[in-house]
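Me: I am in my first year and would like to learn how to read a model like this one slowly. Could you take me closely through one part and then connect it to other places along the chain?

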Amino acid sequence: MLEHCTPWPEDFAKLYCEKGYWTDITLSEMLESTIRKHGSKESLVYEEQRITYRELGEKVDRLAAHFLECGLKPLDRVVFQLPNIPEFVYCFMALVKIGVIPVMALAAHRQHEIKHFIKGAGAVGYFIPGVYRKFDYTEMAEEIKAENSQLKCVFVAGETKSDQISLAKLLETPAGNQSPDYLSKFLPDPSEVALMLLSGGTTGLSKLIPRTHNDYVYNSIQCGKVSGFNEKTVLLAILPLAHNYNLACPGILATYAHGGKVVIAPGIDPESIFPLVEREKVTIIPAAVPLISNWLNSPIPDQYNLTSLQVIQNGGAMLAPELRKRIKEKYKCTTQEVFGTAEGLLNLTRLDDEEYLILNSSGAPISPHDEIKVVDDVGNEVPDGEKGELICRGPYTIRGYYNNPEANAKSFTPDGFYRTGDVVRKRNGYLFTEGRIKDLINRGGEKISCEEVENLILQYPKVQNVCLVAMPDEVYGERACAWIIPKVGEKITFEEVIGFLKEQNIAKFKLPERIEVVDEFPLSPAGKILRRTLRKQIAAIIEKERHAKIGICLKNPIPVSPWM
Ligand code: AMP
């Protein structure tokens, strides 16, 4: 296995093989098996483009061969920042076919995050769009490359700069050798790392989550089974494909494993989504809280024939029971809660569950060999129905982050259970989420590490101390509020803090959306900042403002979707 990764202990690996969870195939072999069965069937629809499985396979092979010619080789890491465009699918499948490991960045990430991924993963390649949503990624790539001599190739889905490589050109030019025999020489071992996801880190910047072919193939196939996927599945991809949820839970990979069709939505607003549902006869939409609440309050969906729609999934953050009920009533389809982590464990409600579970629970694990425990502060299991931290291990839950022994010591128990940081209750095998024990803000599914943003704000010369907390929000569930103590004699405004943070080139969704300036923080007897008190205080302030009908509760909302 790739150096600095933690493999499953041998006895566990043997068990997972014996049980048939690990089938010793790679992600590209999983796709190829579908191509053999459904070659002439549509695999991908994007705007006017319609790509059959056979055409998808040809594009993947051509790119795989080109990537080898460009000097990429098995076990190389590349930072993968393509948004939801067909090139995402072609390049991702081509990379995993030859054992090159994509690190799944989001389009929203900027220099601050990308440099961290390149350094952390030791990446030699970088995949970007050209100009996307008014941001020029080629320029950012030039700056980053100038500072990172290890970064050899930048691949662009769009206009290129200097020595950057055009993906469009690679796609239209036959490669020197793209024969199946030649490419099969590079086929990775299924127990090898296939890709790296990003942790919704609580401690500073995201950690890298190495997922193997064996575990990710199982993750995709099993999640697809639980969600009733088959060759009639038509999945509408709206949220970032780079997220574990949309990639494989069940997402596009499960659709491909089961022979369905993926429709990539060009936008996230109801005007782009619902005509597509009607036109393509979409059967399932993986969605998240902000999208769902937007749709439920929009008249647009009513103008379309949505009878094909069987399931609307929710993931990333809990969907309130009331909203789940409204989906059922309005769209006459099932809702499915997807409660999972990029580190592995996935819990889903089943499509035929009794109504109480569909409306209230966070689902049950997808694998018979997911071992889950709910534990107290000292690691003892609590009785069913009581609150505690969810810890887990199993055939698709990692045993360690990439090259990060310090985080591993904190995030995994000595016997290999991953500490999720989620507070849950377990009842009859189903989980009910109750919040988190770690300092993390969940902005409509996108996670913000308090520590990471606090460290940046502390660098602002006028700041003496800062504490970032979640404030409640009707649309996103939570947004970030920064409580700030200025240095003596200094005055601080929201605009200057945000201006300073923007100069640090961080992803927009991490920017605090309100600041509260105070002289001191509430402290515990041991001198620790009482975050919970600050959280309660801001919630009370917002509630008061709402009652006073001041208008929207945010003083300084940032008009940005959580995914940009
Ligand atoms: P990530 O690894 O970034 O996908 O984040 C995983 C975390 O998101 C989980 O540990 C939960 O805290 C939260 N999460 C994801 N899905 C749900 C859900 N359906 N309900 C509640 N929390 C969720």
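Reply: A residue is called buried when its relative accessible area is under 20%, and exposed when that area is over 50%, with partly exposed in between. Please keep in mind throughout that this is a predicted model.

With that cut-off in hand, begin at Pro301, which sits in the loop between helix 13 (289-296) and strand 15 (311-315). Pro301 has 1% relative accessibility, and because this is under 20%, Pro301 counts as buried. What is Pro301 in contact with, once its neighbours within four places in sequence are left aside? The partners are Phe274, Trp295, Leu306 and Tyr331. Glu271 is 30 residues from Pro301 along the chain, and yet the C-alpha atoms of these two are separated by 8.2 Å.

One of those partners, Tyr331, leads on to another loop, since helix 14 covers residues 321-331 and Lys332 is found in the loop between helix 14 and strand 16 (334-341). Lys332 is not a glycine, although it has a positive phi of about 55 degrees, and with a relative accessible area of 67% it is exposed, in contrast to Pro301, which is buried. Lys134 can be read in a similar way: this residue, which is not a glycine either, has a positive phi of about 65 degrees, lies in the loop between strand 6 (131-132) and strand 7 (135-136), and is exposed, with a relative accessible area of 85%. A further positive phi, of about 55 degrees, is taken by Asn505 just after helix 18.

Helix 18 itself (residues 494-503) brings us back to burial, for Phe494, Glu496, Val497, Ile498, Phe500 and Leu501 are buried there. These buried residues pack against helix 17 (450-458), strand 26 (477-486) and strand 27 (514-517).

Another proline deserves a look for its peptide bond: Cys249 and Pro250 are joined by a cis peptide bond, with omega about 0 degrees, and Pro250 is placed in the loop between helix 10 (244-248) and helix 11 (251-257).

Since a cysteine has just appeared, it is fair to ask how many disulfides a search of the whole structure finds. The search finds zero. For Cys17 the reason is distance, because the closest cysteine sulfur, in Cys5, is 18 Å from its own, too far for a bond. Cys467 is in no disulfide either, and the nearest cysteine sulfur, that of Cys450, is 7.3 Å away. These two cysteines also differ in their surroundings, as Cys17 is partly exposed, with a relative accessible area of 37%, whereas Cys467 is buried, at 0%.

Finally, consider how helices meet one another. Helix 3 (residues 53-69) and helix 4 (residues 86-97) have axes that come within 8 Å and cross at roughly 60 degrees, which makes helix 3 oblique to helix 4. Their crossing is right-handed. Residues of helix 3 including Leu56, Val60, Leu63 and Phe67 meet residues of helix 4, among them Val89, Tyr90, Met93 and Leu95. Sorted by class, this contact has eleven nonpolar, no polar and three charged residues. Helix 3 also packs with helix 2 (residues 27-38), at an angle of about 140 degrees and with the axes 8 Å apart, and helix 2 passes helix 3 in a left-handed crossing. Here Leu31, Thr34, Ile35 and His38 of helix 2 make the contact with Tyr53, Arg54, Leu56 and Gly57 of helix 3, so that Leu56 takes part in both of the helix contacts described here.

Methods
Residues are numbered from 1 along each chain as its sequence is written. This is a predicted model: local features need pLDDT of at least 70, side-chain atom pairs count only at pLDDT 80 or more; totals for chains, interfaces and linings use all residues. Side-chain values use heavy atoms; hydrogens and water are left out. A disulfide is a pair of cysteine sulfur atoms within 2.5 Å. Buried means under 20% relative accessible area, exposed over 50%, partly exposed in between (1.4 Å probe, protein chains only). Axes are lines fitted to C-alpha atoms, for helices over the stretch in contact, and angles run from 0 to 180 degrees between N-to-C directions. Helices (H or I, at least four residues) and strands (E, at least two) are DSSP runs, numbered from the N terminus. A crossing is left-handed if the near helix is turned anticlockwise from the far one by less than a right angle, and right-handed if clockwise. Contact means heavy atoms within 4.5 Å. Angles under 35 degrees count as roughly parallel, over 145 as roughly antiparallel, 65 to 115 as roughly perpendicular and the rest as oblique. Ala, Val, Leu, Ile, Met, Phe, Trp, Tyr, Cys and Pro count as nonpolar, Asp, Glu, Lys and Arg as charged, and the others, Gly among them, as polar.
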